[in-house]
Amino acid sequence: MGSKTATFIENDLATELRLGLPGTDDEQEKQSSEVKNNKRSSSEIDNNSSHDQDSAPPPPKAQVVGWPPVRSYRKNVLQQNKSSTESSDVSGGGMYLKVSMDGAPYLRKIDLKVYKSYRELLKALETMFKCTIGVYSEREGYNGSDYAPTYEDKDGDWMLVGDVPWDMFITSCRRLRIMKGSEAKGLACL
Amino acid sequence: MAYSSSTASFPEEVLEHVFSFLSSDKDRNAVSLVCKSWYEIERWCRRRIFVGNCYAVNPRIVIRRFPEVRSVELKGKPHFADFNLVPDGWGGYVYPWIAAMAGAYPWLEEIRLKRMVVTDETLELISKSFKNFKVLILSSCEGFSTDGLASIAANCRNLRELDLRESEVEDLSGHWLSHFPDTCTSLVSLNIACLGSEVSFSALERLVARSPNLRTLRLNRAVPLEKLPILLRRAPQLVELGTGAYSAEIRPDVFSNLAEAFSVCKQLKGLSGFWDLVSAYLPAMYSVCSKLTSLNLSYTTVQSPDLIKLVGHCHSLKCLWVLDYIEDAGLDILARSCKDLQELRVFPSDPFGAEANVSLTERGLVSVSEGCPKLQSVLYFCRRMSNAALVTIARNRPNFICFRLCIIEPRAPDYLTLEPLDTGFGAIVEHCRELRRLSLSGLLTDRVFEYIGTHAKKLEMLSLAFAGDSDLGLNHVLSGCESLRKLEIRDCPFGDKALLANAAKLETMRSLWMSSCSVSFGACKLLAQKMPRLNVEVIDEGGPPDSRPENSPVEKLYIYRTVAGPRFDMPAFVWTMDEDADLRYS
């Protein structure tokens, strides 16, 4: 599948360079709920379709416009499909998610596949955002800490990180949000 | 005893009643040529019109001849627009048609459009102009947003079909679906598969629940698998279903819920969708497999073993669309299990990769041609082919009506002998006497066109790329293919001679597309002068073609017959010829 670290860094750099709205370029959004329907792709996108893919396979030859005759609609779906299949495929591929933190000027992206447990994930988040998240307890949530990690699940609901087993979490988590402790109190009380 | 010459022997009403049984355009056109009174009677009772090229005629002419139309079908851009060969802004705007029909056909019920530019304004006009509007099908259209859909949903009280088939929609939000009023209970078919945004699930559920006639439901990717059973239970009468994302955390309760919901749908014949597939959930569908006649897995990256299992369960399959992940082995199983198969499309999973990523070769196609006696329509992308295989296929399946083969590498020869594939395709046209549509690929000389001109007498549509040696090739096709209606060519060394020699032929066809060939602007001008009932459009984004030497080739050429004269909505990069060759205008 190519160098995971390399693509991770590539993606990280990509988000650091872009302070604007995410998803404004043709970068693939993994597990994103808004599947963007691109306008009819120009021949430039044809020629660039390779640059998002893994570095492992040999680079494709110079592409002829409109050849092979695959419709733009199908090409788009294949590209989107490739990215999300890779993320839900157990054997490999990154699972990049957006992480936002209340008060931070821009979002970050992390690869959930890199972590094996909640503890590792939370530690990484603490390092990335320079905050303290504290320890999870079933009864109190993250009470007592400045921030609480929450996530949006497949139903679009915002859940507290830590309630479900890790394996279930990684298949249902779509994005992360680190909430300020005062706001998060509400979640923990439910 | 003399019969009165000017009155029909049957009263008009009787003739009209008889004509009402004629549905095909061909028959109706024939009838209207019999005599003036039949022409009159027929034109008043024609309810359905099909315009294969929206620029071949204009709305005024149509409305004048057929005043009582209820159903209109229009096609806009040439087929090669699907592959980005037609620049944006070329044309195909439907608004003028709708504006004209809004006044003339207040009782219009059905609009079917393909490759046309539709705007929100157009959709709003449709929704407000036709009180009994029932069917809107937008196939590969563009130019509109979900706001336009909201107008349709809100205002078309008797809407039966809303089908957005692979259109490019500006997806502002999923909120439009909630505009269907509670009183709308007439839906029969809803296809929103091409939309990205999530629609309100509860609105969708309520819509489905209050549509007892719903037969076709194609969801978009954003509808999660866990919620699919809810919809299935609301619509157990569904005949065609397009799932949303077919993936969820692997949970036994979700699985059993899904399997149970599928088992309730006893009428299900067609399935599609399956984005983001998690193969563990495929068995949930097994209860419906044996009755399935149509299966579209071409948007899902399914690993071969699970796919084979699934296909093996679908003994009644007539139509299968799939990615090349099926591989030769899967096609072997298909050939053994699906004896009713009529149509097969195998799409490439990695069209731009330099090398084959899957084991799909000519063998798979040979296998299916052997095993499936009813196979008549094929679209097959692969990376190698041989004359021997093509000859075998042709002999196995003389009943092909549509044969489209795309060997991914341009000009790829027979991989065994390194010869051109002329013999192979020659066998196809020789054996398949009913062939109506053919797409060629691989290394081909003028010889293959000789075969085609000689044998393909029923061929209506031919697509060529990177083929042929000289004008002889094009000449064979234009002079030999009697039934030819549409010819599309790219990157072939065809030029002025064949085109001008067969000018008259072009008026018997719907259209001719040539791009990256060797046709000069001078020849285009000559052709336009000779043939006033053809529109000769030169699409050239490099500036005015007559600023270059007259014999330099034009980029793209689109020629079509028309009774409407030159069109007035051409963008700057489309050049047409005037009698006064010095004038250039867009």
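**Salt bridges and a helix pair, set against their cut-offs**

Biologist: Why is B:Asp163 called buried?

Modeller: In this predicted model, B:Asp163 has a relative accessibility of 8%, and since buried means under 20%, B:Asp163 is counted as buried.

Biologist: What makes B:Asp163 and B:Arg165 a salt bridge, and how do you know that B:Arg165 should be called partly exposed?

Modeller: The closest N and O atoms of B:Asp163 and B:Arg165 are 3.0 Å apart, and the cut-off is 4 Å, so the pair is taken as a salt bridge. B:Arg165 stands at 37% relative accessibility, which lies between the limits of 20% and 50%, and B:Arg165 is therefore partly exposed.

Biologist: Why can such side chains pair at all?

Modeller: Pairing is possible for side chains of opposite charge when their charged atoms come close.

Biologist: What makes the contact of A:Arg177 with A:Asp102 a salt bridge, and which parts of the chain does this pair link?

Modeller: The N to O distance is 3.0 Å, and a value within 4 Å is what the rule asks for. The pair links distant parts of chain A, with A:Arg177 in strand E5 and A:Asp102 in the loop between strands E1 and E2, 75 residues apart. A:Arg177, at 23%, counts as partly exposed, whereas A:Asp102, at 16%, falls under the 20% limit and therefore counts as buried.

Biologist: How do you know that B:Lys457 and B:Glu482 form a salt bridge, and why is B:Glu482 called exposed?

Modeller: Their side chains meet at 3.8 Å, N to O, which is still within 4 Å. B:Lys457 lies in the loop between helix H17 and strand E18, and B:Glu482 in the loop between helix H18 and strand E19, 25 residues apart. B:Glu482 has a relative accessible area of 60%, and exposed means over 50%, so B:Glu482 is exposed; B:Lys457, at 30%, is partly exposed.

Biologist: How many salt bridges does the rule give over all chains?

Modeller: The count comes to 33 over all chains.

Biologist: Why are helices H5 and H6 of chain B called roughly parallel?

Modeller: Their axes come within 10 Å and cross at roughly 20°, and angles under 35 degrees count as roughly parallel, so H5(B) and H6(B) are given that name. The crossing is left-handed.

Biologist: Which residues of H5(B) and H6(B) meet?

Modeller: B:Tyr95, B:Ile98, B:Ala99 and B:Ala102 in H5(B) meet residues of H6(B), among them B:Leu125 and B:Ile126. The contact residues divide into six nonpolar, two polar and one charged.

Definitions and conventions:
Residues numbered from 1 in each chain as written. Chains lettered and ligands numbered in written order. Predicted model: local features only at pLDDT ≥ 70, side-chain atom pairs only at ≥ 80, totals over all residues. Heavy atoms only, no water. Axes fitted to C-alpha atoms, helices over the stretch in contact; angles between N-to-C directions. Helix = DSSP H or I, 4+ residues; strand = E, 2+ residues; numbered from the N terminus. Parallel < 35°, antiparallel > 145°, perpendicular 65-115°, else oblique. Left-handed = near helix turned anticlockwise from the far one by under 90°. Contact = heavy atoms within 4.5 Å. Nonpolar A, V, L, I, M, F, W, Y, C, P; charged D, E, K, R; others polar. Buried < 20%, exposed > 50% of the residue type's maximum accessible area, 1.4 Å probe, protein only.
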